[in-house]
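Trainee: Before I accept the words used for this protein, I would like to see each one set against its cut-off. Could we go through them together?

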Amino acid sequence: MTTDYDGIADQYKESKLEEWRTHIEQFTLLQMLGDIAGKSVLDFACGEGYYTRVLRRLGAEPVAGVDLSGGMIDLAKAEEVRNTLGISYQQGDARAVTLTEPCDIVFAAYLLNYAKNYQELLEMGHAIARNLKTGGRFITVNNNPDDPPGNFSIGRAYGFTKHLEGELVEGAPVIFRFHLADGPFDVTNYHLSRVTIESALGEAGLGDIRWHAPSVSPEGSRLHDQRHWAPFLAGPPVAFFDCTKR
Ligand SMILES: C[S@@+](CC[C@H](N)C(=O)[O-])C[C@H]1O[C@@H](n2cnc3c(N)ncnc32)[C@H](O)[C@@H]1O
């Protein structure tokens with residue numbers, strides 16, 4: 001598996017500043033996480049550490065981040081030097097990770113949508129299950145497998161669009177285009193159906209999958225009225241779920 005994040009690490013970091021990231025993505029994930037003070041957390045596909053730092057600041061301990069991209073991990077480590085939180089970062093494939101002690105929570109914002117087929121997803125599922133205590137939780141957001149291509153342009157109001165060449169079949173590349181002030185950049189995800197996701201994670205030993213509708217933070221609702229957020233909430237481009245290690 002390769003990753004194309006080394007060349008876009010700075011741009012991706014900038015894309016995390018878009019309002020929907022804070023007021024929908026982060027707000028929904030934090031609602032799902034609940035109180036994580038004192039919980040051990042592994043952040044898979046941590047990127048430059050955006051959520052890794054959020055998790056640590058919420059009181060999680062210890063917190064570790066793993067990402068395939070050396071460029072992303074370099075940014076994460078540089079931030080850790082600037083503002084030390086006690087997070088450990090490691091460059092590598094999440095599928096190869098085995099912690100010395102399983103943790104309470106595995107978190108992954110946009111990992112699963114890099115699996116191109118059932119086998120790669122199963123390997124991710126095994127890595128998640130292997131690194132969780134029994135009863136531990138996996139919390140995640142990914143490309144929404146149920147988002148129909150006819151809805152792929154609604155993200156434009158929020159700073160991004162999705163693109164597909166051909167049919168939305170298993171393994172089809174779904175391109176997220178982030179429209180920044182300096183110009184757009186692309187990130188390629190892969191479509192796997194909800195059935196495939198539930199089946200692979202189930203085979204890996206993760207159960208009780210619960211899908212969560214996105215919600216808007218109170219501050220987001222103050223910034224923009226209902227009409228602004230309605231298309232996102234009615235046809236979410238990304239999908240949230242959590243599950244438990246059996
Ligand atoms: C969209 S970014 C998300 C980064 C971070 N979670 C966030 O939300 O800001 C996706 C990240 O997944 C990483 N990635 C893709 N496949 C991976 C794998 N098999 N193991 C670890 N990281 C992976 C990429 O390098 C990239 O940094």
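Trainee: Why is Asp242 called buried?

Mentor: Buried means under 20% relative accessible area, exposed means over 50%, and partly exposed lies in between, with a 1.4 Å probe and protein chains only. Asp242 has a relative accessible area of 1%, so the residue counts as buried. Keep in mind that this is a predicted model, in which local features need pLDDT of at least 70 and side-chain atom pairs count only at pLDDT 80 or more, while totals for chains, interfaces and linings use all residues. Residues are numbered from 1 along each chain as its sequence is written, and side-chain values use heavy atoms, with hydrogens and water left out.

Trainee: What makes Arg137 and Asp242 a salt bridge?

Mentor: The term asks for a side-chain nitrogen of Lys or Arg within 4 Å of a carboxyl oxygen of Asp or Glu. The closest N and O atoms of Arg137 and Asp242 are 3.0 Å apart, so the pair satisfies that definition. The two residues link distant parts of the chain, as Arg137 lies in strand β5 and Asp242 in strand β10 (residues 238-245), 105 residues apart. Strands here are DSSP runs of E with at least two residues, helices are runs of H or I with at least four, and both are numbered from the N terminus. Arg137 has a relative accessibility of 22% and therefore counts as partly exposed.

Trainee: How do you know that Asp104 and Lys133 tie together separate parts of the chain?

Mentor: Their closest N and O atoms are 2.9 Å apart, and they form a salt bridge. Asp104 belongs to strand β4 (residues 103-109) and Lys133 to strand β5, so the pair joins parts that are 29 residues apart in sequence. Lys133, with a relative accessible area of 39%, is partly exposed.

Trainee: Where do Glu25 and Arg21 lie?

Mentor: Both are in helix α2 (residues 19-33), 4 residues apart, which is about one turn of the helix. Their side chains meet in a salt bridge at 2.8 Å, N to O, and both residues are buried. In the whole structure, 13 salt bridges are found.

Trainee: Why is Asn131 called buried?

Mentor: Asn131 has 1% relative accessibility, and therefore counts as buried. The residue sits in the loop between α5 (118-130) and β5 (132-143). Contact means heavy atoms within 4.5 Å, and, leaving aside neighbours within four places in sequence, Asn131 is in contact with several residues, including Leu42, Phe44, Val97 and Val106.

Trainee: What makes helix α3 largely enclosed by the rest of the structure?

Mentor: Of the 8 residues of α3 (residues 50-57), 6 are buried, so the helix is largely enclosed. Among those buried are Tyr50, Arg53 and Leu55. The buried residues of α3 pack against α2, β1 (41-44), β2 (63-67), α4 (70-82), β3 (88-91) and β4.

Trainee: Why are β6 and β8 called edge strands?

Mentor: Two strands pair if DSSP finds at least two bridges between them. The open sheet has 3 strands in the order β6-β7-β8, with antiparallel pairing, and β6 (160-164) and β8 (183-190) are its edge strands, each pairing on one side only. Strand β7 (residues 173-180) and β8 pair in the antiparallel sense over 8 bridges, so they meet the requirement of at least two.
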